[in-house]
Amino acid sequence: MKKPLIILAALLTAPMLVSATTPISGTVASKCIVTTDTDGVYGNPSATKLSTATTDGGVLPIIRYDIITASAYNAKVTTPISFSSSPSLGSETVTWTGSTVANQMSDAGMSVFNTNKVVYNNTSEFPLTIAGSVWFDVSSVATYGYNKAFPAGSYSAVVTAECIAQ
Amino acid sequence: MRAFIILLLVLNGGYASAHQWTPTYPKLKPSHVTGVYTTKMELFNSRKEIRYYSVGVFDKDWNKVPFVTSPSILRISYLDKRLVDIYLHKKHKNKAHYICSRSKILSSVRDPSIIASRICSKIK
């Protein structure tokens, strides 16, 4: 007498269990995501120099690129050649140097980004031939005049990170 | 050492901010106005410090191509998504090569090193 009742109860509850499932759907589209991982800070190791190098007391700006599809984008990073804000610098010239390197990567093969890097003016261009995430370290150094001290005040400069579809 | 790496990831994870501009390869199609072509782009802002983005259309040599969008400077909140309609006259349709969005930095921002981001999609 008990056995049929148990079977009946099991049959009745089974559809309720099935209806509790909830589907989740999503689409992964080809895209490039530019992420500002770390904002840089200029260190002032000597009166004439501002530098983002850690050894100079600065912080390197780090930019992360996430690439969904391989060989769909080029990354372009442009280091500054002027201050976006600074105290008055008079007529003295500021000499700028900068470089960009792929430092951390989600795929070891991405080291080829540095091999295939093209540098022109103050821009480094990397063909993003492997999908995944890559972190670029950007260094920027500004030297003022001929052994002239930078005037006291705050200095800002802009690094431009671009992702251009191929 | 492991605790240090986790701390680093947590700190970086909370700080990271991103800019997305999709699709990668938009297609121009005729709009409801004769002789005008259109495409729809999507902008996602997860850069906390950025509120404004500009949109631009360029040819293959990076010369500006006339286009219409409303407005041309987009105000977009943190973690907000915006659909952007781009309209091009048919005489510029074959000239247009890239559609780009670029973060705009307010002059009041005084961070020591600021990162401007630009993403360009290629018209197919």
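These are my notebook entries on a predicted model with a chain A and a chain B.

**Entry 1: the contact between the chains**

I began with the place where chain A and chain B meet, and I found that 32 residues from chain A and 30 residues from chain B take part in the contact. I then looked up the area that the two chains bury between them, which comes to about 2700 Å², with 50% of it on carbon and sulfur atoms.

Next I asked myself how many salt bridges there are between chain A and chain B. The count is one salt bridge, and I traced it to the side chains of Glu162(A) and Arg118(B), where the N to O distance is 2.6 Å. For polar contacts between chain A and chain B I noted 14 residue pairs, both residues of a pair being at pLDDT 80 or more.

Which elements of chain A give two or more residues to the side that touches chain B? I wrote down strand 1 (32-38), strand 4 (62-67) and strand 10 (157-165) of chain A. Strand 10 of chain A provides the largest share of that side, with nine residues. Sorting the side of chain A that touches chain B by class, I recorded 18 nonpolar, ten polar and four charged residues.

I also looked at how strands pair across the two chains, and I saw that strand 1 of chain A and strand 1 (residues 17-22) of chain B run antiparallel and are joined by four bridges. To fix this pairing on a residue, I noted that Ile33(A) stands opposite Gln20(B), which belongs to strand 1 of chain B.

**Entry 2: Thr123(A) and Asn121(A)**

I turned to Thr123(A), which I located in strand 8 (residues 123-128) of chain A. Is Thr123(A) buried or exposed? Its relative accessibility is 8%, so I entered Thr123(A) as buried, the cut-off for that word being under 20%.

Setting aside residues up to four places away in sequence, I listed Lys76(A), Val77(A), Thr78(A) and Val118(A) as the residues that Thr123(A) touches. With Thr78(A) there is also a polar contact from side chain to side chain, at 3.0 Å.

I then moved to Asn121(A), which sits in the loop between strand 7 (118-120) and strand 8 of chain A. Its phi is near 50 degrees, and I marked this as a positive value in a residue other than glycine. Asn121(A) has a relative accessible area of 76%, and I therefore entered it as exposed.

**Entry 3: chain B as a whole**

For chain B, I counted two helices and eight strands in the secondary structure, and reading along the sequence I wrote the pattern as α-β-β-β-β-β-β-α-β-β. Of the 124 residues in chain B, 41% are buried. I also looked up how contacts spread along the sequence of chain B: among those between residues at least 6 apart, 64% join residues at least 24 apart.

**Entry 4: Arg75(B)**

I found Arg75(B) in strand 5 (residues 73-75) of chain B, and I entered it as partly exposed because its relative accessibility is 49%. Which residues is Arg75(B) in contact with, leaving aside its neighbours within four places in sequence? I listed Arg51(B), Tyr52(B) and Arg82(B), and I added that the side chains of Arg75(B) and Tyr52(B) make a polar contact at 2.8 Å. I also checked Arg75(B) against His89(B): the two are 14 residues apart in sequence and 25 Å apart in space, C-alpha to C-alpha.

**Entry 5: backbone details in chain B**

My last look went to the backbone of chain B, where I noted a cis peptide bond between Thr22(B) and Pro23(B), with omega about 5 degrees. Pro23(B) is placed in the loop between strand 1 and strand 2 (29-30) of chain B. I recorded another cis peptide bond from Ser70(B) to Pro71(B), with omega near -10 degrees, and I placed Pro71(B) in the loop between strand 4 (52-58) and strand 5 of chain B.

Trp62(B) also lies in the loop between strand 4 and strand 5 of chain B. I noted that Trp62(B) is not a glycine and yet has a positive phi of about 70 degrees. At 29% relative accessibility, Trp62(B) went into my notes as partly exposed.

Key: Residues are numbered from 1 along each chain as its sequence is written. Chains are lettered from A and ligands numbered from 1 in the order in which they are written. Side-chain values use heavy atoms; hydrogens and water are left out. Contact means heavy atoms within 4.5 Å. Buried area is the accessible area (1.4 Å probe) that two parts lose on being put together, summed over both. A salt bridge is a side-chain nitrogen of Lys or Arg within 4 Å of a carboxyl oxygen of Asp or Glu. A polar contact is a pair of N or O atoms within 3.5 Å; within protein, one must be able to donate a hydrogen and the other to accept it, and residues adjacent in sequence count only if both atoms are side-chain atoms. Ala, Val, Leu, Ile, Met, Phe, Trp, Tyr, Cys and Pro count as nonpolar, Asp, Glu, Lys and Arg as charged, and the others, Gly among them, as polar. Two strands pair if DSSP finds at least two bridges between them. Buried means under 20% relative accessible area, exposed over 50%, partly exposed in between (1.4 Å probe, protein chains only).
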